[in-house]
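These are my notebook entries on how helices and strands are arranged in this structure. I set them down in the order in which I looked things up.

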Amino acid sequence: MLQIKHLRVSINQKEILKDFNLEVKAGEVHAIMGPNGTGKSTLASVIAGRDIFEVTEGEILYKGKNLLDLPPETRAREGIFLGFQYPVEIPGVSMANFMKTAVNEIRKYKGLEPIGGADFLKLMEEKKKLVEIQSKLNNRSVNEGFSGGEKKKNEIFQMAMLNPTLSILDETDSGLDIDALRIVANGVNKLRTKDNATVVITHYQRLLDYIVPDFVHVMYDGKIVKSGDKHLAIELEEKGYDWIKQELEANASI
Amino acid sequence: MEQITIDISLKDKMLALFEKNKQLLFKNNSKSMIDIKNNAIAKFNEIGFPHTKLEEWRLTNIEPYLKAEYQHHLQTKPIDVDIESIFQCEVPDLDTFVVVLFNGRYIYKHTPLTKLDNGTIIGSFEKALEEYPEIIEKHFNKYAKNDKNGFVALNTAFAQDGIFIYVPQNIIVEQAIQIINIINTTEEVFVQPRNLFIVEKNSSITLVSCDHSLTQTNSFSNAVTEILIDENAQLNHIRVQNKGKNSTLLNTTFVEQKNYAMLTSNVLTLNSGFIRNDLDISLNGEGCEANLYGIYLADKTQFVDNHTFVDHLLPNSNSKELYKGILDDKAKAVFSGKVMVRRDAQKTNAFQANKNILLTDEATINTKPHLEIYADDVKCSHGATVGQLDNEAMFYLRSRGLGEDCARMLLMYAFADEVINKIPIEALRVRLGNMVSKRLRGELSVCDQCVMHCNSKSPTQFNIDLSKL
C-alpha cells in the first residue's frame, strides 16, 4: 500500500530524513519509535503533504501512485489520514460544518452524492460513541477550548468519520491519561480491518500495549535503524534509546 | 436643479448654492435652525473640505472625489411610489417596517410620515419639520459636531431631508425598521441626507440601514445621522453597505447616550467604492454600554475607512469594539479607533480590537487603535492585528480532504463570523451570514440583493422620473 524509498527531506537546508525506507501493506500496523528530533513528525507531515518541507531525493508510492505529486487534499481523498500531534484550533468553524464539508469533498472525489443532513447527523453520533465523546460536538468550533484529551479523541473521531485506508497517528498518545489512552486505542482498534493500515508514531511502549503492532521500527537521525516485532518495543522500554545509540556506535567503529 | 460649471471648486459651488437657495433650505425652519445653518455654512467656509494634511484624514484622500461635476437636487416635492413594487424583503421571518431614501430624499407609498399606535413616528425628516417642529427643534444639531470636519458642517447647512424616527418613552418597538438608502441616477449626484433618531427613556428599537447603489455613475453621498439614546433606552443599529465602485459614501453618525443607555452597532461593508464611516459616540451618562462591531470585505481597488470615537464622559460605562477586515487585490482599508476616558469617567471599561487579514501583498490596512485616559481607575485595552490566513489551519483542513479554495473560504468565513454572530436578530444574522459567504466566494455583485431585494433585473428600469424631484 505504501512504499517509501530512499527518502531525503530537508527544511531550511537542514536535512531531517536521510535515506528513509519503509513498506506498509494492507492490514498491517506499524509502530515507529525513537527519541526526540529524529524526524518522526517530519515523516508524518511529508506523507500528508505539508509543503514546508523539501523532498530532495526518493519517492513515496501509495497504491502505486506517486504521492509527492499530489496536494494534501487529494491525498486525503485517496484515503490518507494524519492524526496530528498538535491538532489546530480553528475558531468560527463548527465541527459539524467541517466534517460535513470533508465527508462530502471525499464523496465527491469518489463520484458519490453528498450525504444527507439526517444521515450525516446519525454518522456523527455513531462515530462519537466510538471514542466516547459525550459532549455536544456539532456546534463547537474545531478544537477550540478542547482539553488535550478531547483534542486527541477528536482526531480519532475524524479518522472514524473519514474512514481512511492509511492512517498515520503522530504521537496520538502524548498528553493522554490512562483512561483517554485506552479510549483512543480502542477507537483505533475498532477501525482496523484487513484492508486498511495504520502507522503509529510514539515515544512510549505504553500505547503499544493497547494497539498491538505487527512491526516496530526504531528511528534515529532521519532513518530506520532497527526493525522487529512487538518485542522490540518492550526491549526498548527496558533498555532505553541509549542502547540503540551504543549499538550504532559500536557498528560504526567496526 | 442647479447646473454648476466645473471651473470653480466644489467648496465655492456649495457656498454659492447655499446663498442662492436659502429659501428652499430654510423652508419650515425655525429662527434657531436658520441660525444653526448660517453658522454651519460659515464653519464650512472657514474649514473647507478635509484634506490629507489633517491627522484624521491623513490616509483618506477625498480630494479626487470632489472633482466630478455633481448635480445637486435641492428642490423637491415628496413623491408617491409603490415601494413594494420596487423592493421585496428576502429575509423570511423578518417582519420589518421599511423606509426608503432615494438619492437622499424620502420616498414613500402612502404617507411621508407614519405615527404608529404606540406613538412612534417614522418617516421623512422634511415632513417632520412641518408636523413635529418642536421635536426637531429640540434635537437638531444637538449631537452633531460641525467642527468635526467640513462635511458635517456642510450637511448641517444643507439639511433638508432624511429619515426621522422618534420613539416616545416606555415603548419597545418590536418590529425592526429597515432603512434603505439607494443611489440610482443616470447623472452624477451629490446628496446630503440628514437623519435624526430619538429613542426616549426606557424605550428600545432596532434599525437596519442598507446603503446601496444601483448604477455605475459617479455619486457622492454625505450623510449625517444624529442619534439620542435617552436614559435606560436601547438601540440596535445594523448597517449593511453594498456599494458600486464609482460611489463615494461618507457616513457620519453622532450618538449621545444618557444614563444606562445601550447601543449595539454592527457595520457590515460588503462592497465599497469609497466609503468612510465615522462613528462618534458620547457616553454622556453613567452605566452606559456601547458595543461597536464591524466587518469590512474589500477587493479590487475598493477603499473602506472606519473611524470611531468613543467618549467616556461619566463613570461606570462600558464600551467594547471589534472591527475585522479581509482585504484582497489592491483594496485599502483604514481603521482608526479612539477611546477617550475623561477625568470624571472612573470605573470605565473600554475594550477595542481591530483584526485584519490581507490576502495579497498589495492590499493595505492602516490601523490605529488608541486610548486617551485622564481617569485613574479604569480598565482599558486595545490592540490590532494584521496577518494572512493561518497556514497551520489551512493544512489541517486540507489534510481532511478540503480543497484549497474551500479551506480558504471556510477560514475567511470563520474570521468574519465573530462579528456576524453579534447581530441580534437571528433571521438577519443568518441572511447576512449568507451574504458574507456569498461575497467571500465572489458571487455577490453590487447589483445583487441587499437585505432588500430589487425586483427589477435591470437597474435602469428603476422607474422614478427625476424631473418630478
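I began with helix α10 (residues 426–440) of chain B, bearing in mind that the model is predicted. I found that α10(B) lies across β10 (204–213), β12 (234–242), β14, β16 and β18 of chain B. Its direction runs at about 30° to β14(B).

I next looked up the sheet to which these strands belong. In chain B, I read an open sheet of ten strands in the order β3-β2-β7-β10-β12-β14-β16-β18-β20-β22, with mixed pairing. At its edges I noted β3 (105–107) and β22 (379–387) of chain B; each has a single partner strand, so one side of each is left without a neighbour in the sheet. From one strand to the next, I recorded a twist that averages 15°.

I then turned to the pairing at β22(B). Strand β20 (residues 349–358) of chain B runs parallel to β22(B), and nine bridges join the two. As one bridge, I noted F351(B) with its partner S381(B) in β22(B).

A further helix, α9 (residues 404–420) of chain B, also packs on the sheet. I found α9(B) touching β14 (262–271), β16 (289–298), β18 (318–327) and β20 of chain B. The direction of α9(B) makes about 155° with that of β18(B).

Last, I examined chain A, where helix α5 (residues 148–162) packs with helix α6 (residues 178–191) at an angle of about 10°, their axes 10 Å apart. I therefore entered α5(A) and α6(A) as roughly parallel to each other. Among the residues in contact, I listed I156(A) and M159(A) from α5(A), and V184(A) and L191(A) from α6(A). By class, I noted seven nonpolar, one polar and two charged residues in the contact of α5(A) with α6(A).

Conventions: Residues numbered from 1 in each chain as written. Chains lettered and ligands numbered in written order. Predicted model: local features only at pLDDT ≥ 70, side-chain atom pairs only at ≥ 80, totals over all residues. Heavy atoms only, no water. Axes fitted to C-alpha atoms, helices over the stretch in contact; angles between N-to-C directions. Helix = DSSP H or I, 4+ residues; strand = E, 2+ residues; numbered from the N terminus. Parallel < 35°, antiparallel > 145°, perpendicular 65-115°, else oblique. Contact = heavy atoms within 4.5 Å. Nonpolar A, V, L, I, M, F, W, Y, C, P; charged D, E, K, R; others polar. Pairing = 2+ DSSP bridges.
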